Amino acid sequence: MIGEVNAMSCAMDKKVKFEIVIIPDDVKRRKTAMVELFSYVTSCSYLMSREEFISRKYKMEEMYQMFVEEDDSWKSVEPSEDPFQEEGNKETVIGTVATSLKSLGYLFEQEQTLTITNYQGISKGELRVEYFPCKREWYCHH
């Protein structure tokens, strides 16, 4: 399936590639298979679920059929409707961070700068985190 989509992308000069990636879920101690869309134009990666990829694949096949039949209407598809593309302003997971809240149990404030890493362990940025114990008057009584 991935090979077919990449072949269509290449033939249509879409400048993207798709690949299957395995994302570890440290909380649930299991792994999730997802599809990564990589844009050669923007050098950005986007993750999508298997279901989203399959849905897009049918649209890609329709566009590819137009391409094969030399129906140029596939070229005028809006970027937001193009199944080979992802909108640049879409919220997406770039990675994860891990921190311990143990100091809150001792009523200590904590300030940290944590490294955001992707599923390959590559640094994708930093996240500044501050946490502190709540004041007694903020406690809600039910």
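**A friendly note on this predicted model**

1. Let us start in a loop: Ser 43 sits between β2 and β3. Helices and strands here are DSSP runs, numbered from the N terminus, with at least four residues (H or I) for a helix and at least two (E) for a strand. Phi of Ser 43 is near 60°, a positive value in a residue other than glycine. Most residues other than glycine have a negative phi. Ser 43 is also exposed, with a relative accessible area of 53%. For these labels, buried means under 20% relative accessible area, exposed over 50%, and partly exposed in between, using a 1.4 Å probe and protein chains only.

2. A word on how to read the rest. This is a predicted model, in which local features need pLDDT of at least 70 and side-chain atom pairs count only at pLDDT 80 or more, while totals for chains, interfaces and linings use all residues. Residues are numbered from 1 along each chain as its sequence is written, and side-chain values use heavy atoms, with hydrogens and water left out.

3. Back to the loop. Thr 42 is also found between β2 and β3, and Thr 42 is partly exposed at a relative accessible area of 47%. Along the chain, Thr 42 and Gly 88 are 46 residues apart, yet their C-alpha atoms are separated by 8.9 Å.

4. Now look at the sheet around that loop. In what order do the three strands of the open sheet come? The order is β1-β2-β3, and the pairing is antiparallel. Two strands count as paired if DSSP finds at least two bridges between them. At the edges are β1 (16–25) and β3 (45–48), each of which pairs on one side only. From one strand to the next, the twist averages 35°.

5. The link between β1 and β2 is worth tracing by eye. Strand β2 covers residues 30–39, and 10 bridges join β2 to β1 in an antiparallel arrangement. To find one of the pairs, look for Lys 17, whose bridge partner in β2 is Phe 38.

6. Two helices lie across these strands. Helix α1 (residues 2–11) lies across β1 and β2, running at about 145° to β1. Helix α2 (residues 50–68) lies across β1, β2 and β3, and runs at about 105° to β3. Contact here means heavy atoms within 4.5 Å. The axes are lines fitted to C-alpha atoms, for helices over the stretch in contact, with angles from 0 to 180 degrees between N-to-C directions.

7. Which residues lie nearest the centre of the largest pocket? They are Leu 47, Val 93, Ile 94, Gly 95 and Tyr 119, out of 31 lining residues. β1, β2 and β3 each supply at least two residues of this lining, and β1 gives the most, with five. The lining divides into 14 nonpolar, nine polar and eight charged residues. A pocket is an open set of points on a 1 Å grid over the protein atoms alone, where a 1.4 Å probe fits, with protein on both sides within 12 Å along at least five of seven lines; lining residues have an atom within 4 Å of a point. Ala, Val, Leu, Ile, Met, Phe, Trp, Tyr, Cys and Pro count as nonpolar, Asp, Glu, Lys and Arg as charged, and the others, Gly among them, as polar.

8. Please also visit the loop between α2 and α3, where Glu 70 has its place. Phi of Glu 70 is near 60°, again a positive value in a residue other than glycine, and Glu 70 counts as exposed at 68% relative accessibility. Glu 78 lies in the loop between α2 and α3 (102–105) too, and is exposed at 51%. Between Glu 78 and Thr 96 there are 32 Å in space, C-alpha to C-alpha, for 18 residues in sequence.

9. Finally, there is a second antiparallel pairing to find. Strand β4 (residues 110–117) and strand β5 (residues 123–131) pair over eight bridges. Gln 110 stands opposite Tyr 131 in β5, and Thr 113 stands opposite Arg 128 in β5. The hairpin of β4 and β5 has five residues between the strands, and Gly 121 takes a positive phi near 85° there. In the loop between α3 and β4 you will meet Tyr 106, which is exposed at 55% relative accessible area. Tyr 106 and Pro 133 are 27 residues apart in sequence and 8.8 Å apart in space, C-alpha to C-alpha.
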